[in-house]
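Visitor: I am new to this one. Could you take me through it step by step?
Guide: Certainly; please have the sequence and the structure in view.

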Amino acid sequence: MSTAEPSALSGSLVLDAEALYRELLRGVRGLRTDGTRLAGIASGGAWLAERLHQELGLAGAPGVLSSVLHRDDFAQRGLSAGAQTLLPFDVNGADVLVLDDVLYTGRTLRAVLNELFDYGRPASVRLAVLVDRGGRELPVQADFAAARVGLPAAQSLALARDGYGRFHLRLEGG
């Protein structure tokens, strides 16, 4: 796992998303068993799950989990036009490895867990993330994080991908 901090000289944060992805791949290999099912949180986590699923040579398809219907800030955000939940496997009794790009307050994960349990009762749920940026508001932690960074609340970090499927991290705000 990597730890990154803003550079004292430039004031910028440099994270190589492809290098972090390779670290995430290593971590996921260590977490999964033969029966583990991958499910990514829309959208960045779903991109990660899709690529990991392919590179690990897993059968079937990975799941996509949407937080839209269970958000606690629905009144402020409204209904998003984002991806819908798609779980192409039986959740009941499954070992589900949830993937996300950036873990921050834990509120999206709480919403996603509610969504997952709407589909059944998994035997276990674990979490692997590309970046844990701290700032938790709920008692949530990743079983694996490729990197941990400290960012001010006014900044956001998001995963992007180019037309070739390569990952990049965007740092925005303050």
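The conversation below turns to confidence, the cores, two helices and the strands.

Visitor: What kind of model is this, and what is the mean pLDDT of the chain?
Guide: This is a predicted model. The mean pLDDT of the chain is 89, and 85% of its residues reach 70 or more.

Visitor: Over which residues is the pLDDT below 50?
Guide: That applies to residues 3-10. Beyond near neighbours in sequence, this stretch has 12 contacts in the model. Where pLDDT is low, the predicted coordinates should not be read in detail.

Visitor: Now the inside. How many residues has the largest nonpolar core?
Guide: The largest nonpolar core has 29 residues. Those with the most contacts inside it are Leu24, Val28, Leu52, Leu130, Val131 and Leu169.

Visitor: Which elements give two or more residues to this core?
Guide: Two helices, H1 (17-31) and H2 (44-55), do so. The strands that do so are E4 (95-103), E5 (124-132), E6 (144-149), E7 (155-161) and E8 (167-173).

Visitor: Which of them gives the largest share?
Guide: Helix H1 does, with seven residues of this core.

Visitor: What lies apart from that core?
Guide: Another core, of 18 residues, lies apart from the largest one. Leu65, Phe89, Val91 and Val98 are among its residues.

Visitor: Back to Val28. Where does Val28 lie, and is it buried or exposed?
Guide: Val28 lies in helix H1. Its relative accessible area is 0%, so Val28 is buried.

Visitor: What is Val28 in contact with, leaving aside its neighbours within four places in sequence?
Guide: With those neighbours left aside, Val28 is in contact with Leu38, Leu52, Leu56, Leu97, Leu99 and Ala128. Val28 and Leu38 are 10 residues apart in sequence, and their C-alpha atoms are 9.6 Å apart in space.

Visitor: And what about Val131? What is it in contact with, under that limit of four places?
Guide: Beyond neighbours within four places in sequence, the contacts of Val131 include Leu15, Leu20, Asp101, Val102 and Leu103. Ala147, Val149, Leu157 and Leu169 are also in contact with Val131.

Visitor: Let us change topic. How many residues has H2, and which are buried?
Guide: H2 has 12 residues and reaches 17 Å from its first C-alpha to its last, close to the 16 Å expected. Its buried residues are Gly44, Gly45, Ala46, Leu48, Ala49, Arg51, Leu52 and His53. Just after H2, Gly57 takes a positive phi of about 65 degrees.

Visitor: Which residues are buried in H4?
Guide: In H4, which spans residues 107-118, the buried residues are Leu109, Ala111, Val112, Glu115 and Leu116.

Visitor: Why are they on the same side of H4?
Guide: They cover an arc of only 160 degrees around the axis, which puts them on the same side of H4.

Visitor: What do the buried residues of H4 pack against?
Guide: They pack against four strands: E2 (36-41), E3 (63-65), E4 and E5. Just after H4, Gly120 takes a positive phi of about 150 degrees.

Visitor: Last topic, strand E4. How many of its residues are buried?
Guide: Nine of the nine residues of E4 are buried, and the strand is mostly covered.

Visitor: In which sense does E4 pair with E2 and with E5, parallel or antiparallel?
Guide: E2 and E4 pair in the parallel sense over five bridges. E4 and E5 also pair in the parallel sense, over eight bridges.

Visitor: Which residue in E4 stands opposite Leu38?
Guide: Leu97 in E4 stands opposite Leu38. As for E5, Val131 in that strand is the bridge partner of Val102.

Methods. Residues numbered from 1 in each chain as written. Predicted model: local features only at pLDDT ≥ 70, side-chain atom pairs only at ≥ 80, totals over all residues. Heavy atoms only, no water. Core = buried A, V, L, I, M, F, W, Y, C linked by side-chain atoms within 4.5 Å. Buried < 20%, exposed > 50% of the residue type's maximum accessible area, 1.4 Å probe, protein only. Contact = heavy atoms within 4.5 Å. Expected span 1.5 Å × (residues − 1). pLDDT = per-residue confidence, 0-100. Arc of directions from axis to C-beta. Pairing = 2+ DSSP bridges.
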